[in-house]
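Reader: I have this model open beside its sequence, and I would like a close look at a single part of it. Please take me through one buried position with its surroundings, and then place that part within the whole chain.

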Amino acid sequence: MDILMKIWSYFAVNVLQQPAFMIGLIVMIGYILLRKSWYDVLAGVIKAIVGYLILSVGSGGLVSNFRPVLVGLKERFNIGAMVIDPYFGQNAVTAGVEEVFGKTFGNAMILLLIAFIVNILLVRFSKYTKLRALFTTGHVQVQQASTAYWLILFACPFLIDNNASLLVVMALILGAYWAVGSNLTIKPCQELTDGAGFCLAHQQMFGIALNTWLAEKVFGKKKDGKDIKKIDDLELPGFMSIFNENMVCTSILMVIFFGTILCILGRDYLVAQGFLKENASMFFYVIQTCLYFSVYLAILQLGVRTFVTELTASFQGIADKLLPGSLPGVDCAVIYGFGSMNAVPLGFLAGFAGQIIAIGALIALKSPVLVICGFVPVFFDNATIAVFANEKGGIKAALILPFISGLCQVFGSAIIAGWVGMAAYGGYLGMWDWAVVWPVMTAVMKCLSYAGVAIVVIVLLAIPQIQYRKDKKGYFLITEDYEAYRALKENK
């Protein structure tokens, strides 16, 4: 048993928690199953890994460049609050789970393994489960396993003394959430990308599905029969036409937006924290810092183009031989290579406005739990939602729905983190599903005990059954033959 745990630990640390190598492994298995030559397999694996590393540089750069700005608001003005951010949330679990529940954080990694196996089995038996998506985003799985570990320990204290039963229950819930959530993003992703062959496996899967549906139903239908106006359809007059170009639009918006925040923080604070050298120009520091947003976004989009082609081509081997009719679930940043580029900064800004208003409301209401924005939720949730919302509902949906999402992120996180005790340790995951869906699931399990656990699992597994019954002809066709699926929809 010890040998098996060491093997698993080595794999989890070096492959599963390193998305680039996890993607490389999937590409290698897929091409081998397709009987590609060894040099084609090698080339595909290299391009997939390098592409994901490029994406990681862009994504990591966005986070590292702007997280100090947002956290700086907390330190500069001495606001005692928790940060909604996946990394702060994971640190909170690491710091507090043993003190609060008497459990070690190592159990969260065992939970990850069993939940991943549950996800594979649910997809393998798709004929019965109707689930078609494999969650492959390893670093997100680690963050979610950590937070789910805390939430389910809180909701199911009757299982704490039986470690085996606890892990099985946790894995069933988390594995079902991974499979069902990523499965919900298949239709939005396939329709947005014209059948690129992937779905999203991240922190806002239910949020994507709900907001895409709302965008289409609420904003996507015009009574006068005219087409909806999308972001790229805007014809801006005179000098405003420069905003039609993504790089220029993003740069100007970030200079105005984050430049204002940097000026509020002040030169003395930036120098004291080592962000700005004493003899450096404040003006050019602000300009450079804000323009890096466009730089990292361009890098991210290059990474997407590099690895997505290899992943989707190779995954056909896995889908044909091991997991029929399935798609890989990938990082939400992948979607930024599709749809409107300007939806990304506009969705981010709309979501940030929602978060700021929600935080102001918490302060005004003297909430016992205050929240500080984290860059990961405010950007990756709201920018992603905006891309899908713009496609189905136009510019109004791309601004209104991320704004509402920002409200949900702050209010939902404050409620659940305060209730379960994570706020005391400085952070909570804070992204859409974990601020909206998981608080509901936690409340059901906490209030109804064993019956609550059963209800959560049954409801999760019922969702793909409902999806299937609404579109029996197109449900599996959308993953197996997108051209045939599109023809079917056009005929309808």
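**A close look at Ser182**

Author: Ser182 lies in helix α8, which covers residues 163–184, and the model in which we find it is a predicted one. Ser182 counts as buried because its relative accessible area is 0%, under the 20% that sets the limit for that class. Its side chain reaches the backbone oxygen of Trp178 at 2.6 Å. If residues up to four places away in sequence are left aside, Ser182 touches Ala133, Tyr177, Cys199, Leu200, Ala201 and Met205.

Two of these partners lead on to Ile186, since Ile186 also touches Ala133 and Cys199, in a list that further holds Arg132, Leu327, Ile478 and Thr479 and again leaves out residues up to four places away in sequence. Ile186 is placed in helix α9, residues 186–193, and it is classed as buried because its relative accessible area is 0%. The C-alpha atoms of Ile186 and Gly329 are separated by 8.7 Å, although the two residues are 143 positions apart along the chain.

The contact with Arg132 and Ala133 directs attention to Lys130, which is found in the loop between α6 (126–129) and β2 (133–135). With a relative accessibility of 12%, Lys130 counts as buried, and its phi is near 65°, a positive value in a residue other than glycine. Most residues other than glycine have a negative phi. Another positive phi, near 55°, occurs at Ser449, but Ser449 is found in helix α16, residues 432–470, and is partly exposed, with a relative accessible area of 26%.

The records add a further layer to this picture. The unreviewed UniProt entry carries the annotation "transmembrane region" for several spans, including residues 147–180 and 437–463; such annotations may be inferred rather than shown by experiment. In the model, residues 147–180 are 79% helix and 0% strand, with their end C-alpha atoms 18 Å apart. Residues 437–463, by comparison, are 100% helix and 0% strand, and there the end C-alpha atoms are 14 Å apart.

For a contrast with the buried positions, consider the surface, where Trp38, Tyr39, Leu42, Ile46 and Val50 form a nonpolar patch with about 560 Å² of accessible area together. Leu42, one of the members of this patch, has its place in helix α3, residues 38–76, and it counts as partly exposed because its relative accessibility is 44%. Residues 41–63 are also among the spans that the UniProt entry annotates as "transmembrane region".

Seen as a whole, the protein chain comes to 18 helices and 6 strands, and 54% of its 492 residues count as buried. Of the contacts in the chain with a separation of 6 or more, 79% are between residues 24 or more positions apart, and the pair of Ile186 and Leu327 is one example of residues in touch. The accessible surface comes to about 20800 Å², of which 64% belongs to carbon and sulfur atoms.

Conventions: Residues numbered from 1 in each chain as written. Predicted model: local features only at pLDDT ≥ 70, side-chain atom pairs only at ≥ 80, totals over all residues. Heavy atoms only, no water. Patch = residues over 30% accessible without salt bridge, like charges linked within 9 Å, V, L, I, M, F, W, Y side chains within 5 Å. Areas by Shrake-Rupley, 256 points an atom, 1.4 Å probe, with all protein chains shown as cover. Salt bridge = Lys/Arg side-chain N within 4 Å of Asp/Glu carboxyl O. Helix = DSSP H or I, 4+ residues; strand = E, 2+ residues; numbered from the N terminus. Buried < 20%, exposed > 50% of the residue type's maximum accessible area, 1.4 Å probe, protein only. Polar contact = N/O pair within 3.5 Å; in protein donor to acceptor, adjacent residues only side chain to side chain. Contact = heavy atoms within 4.5 Å.
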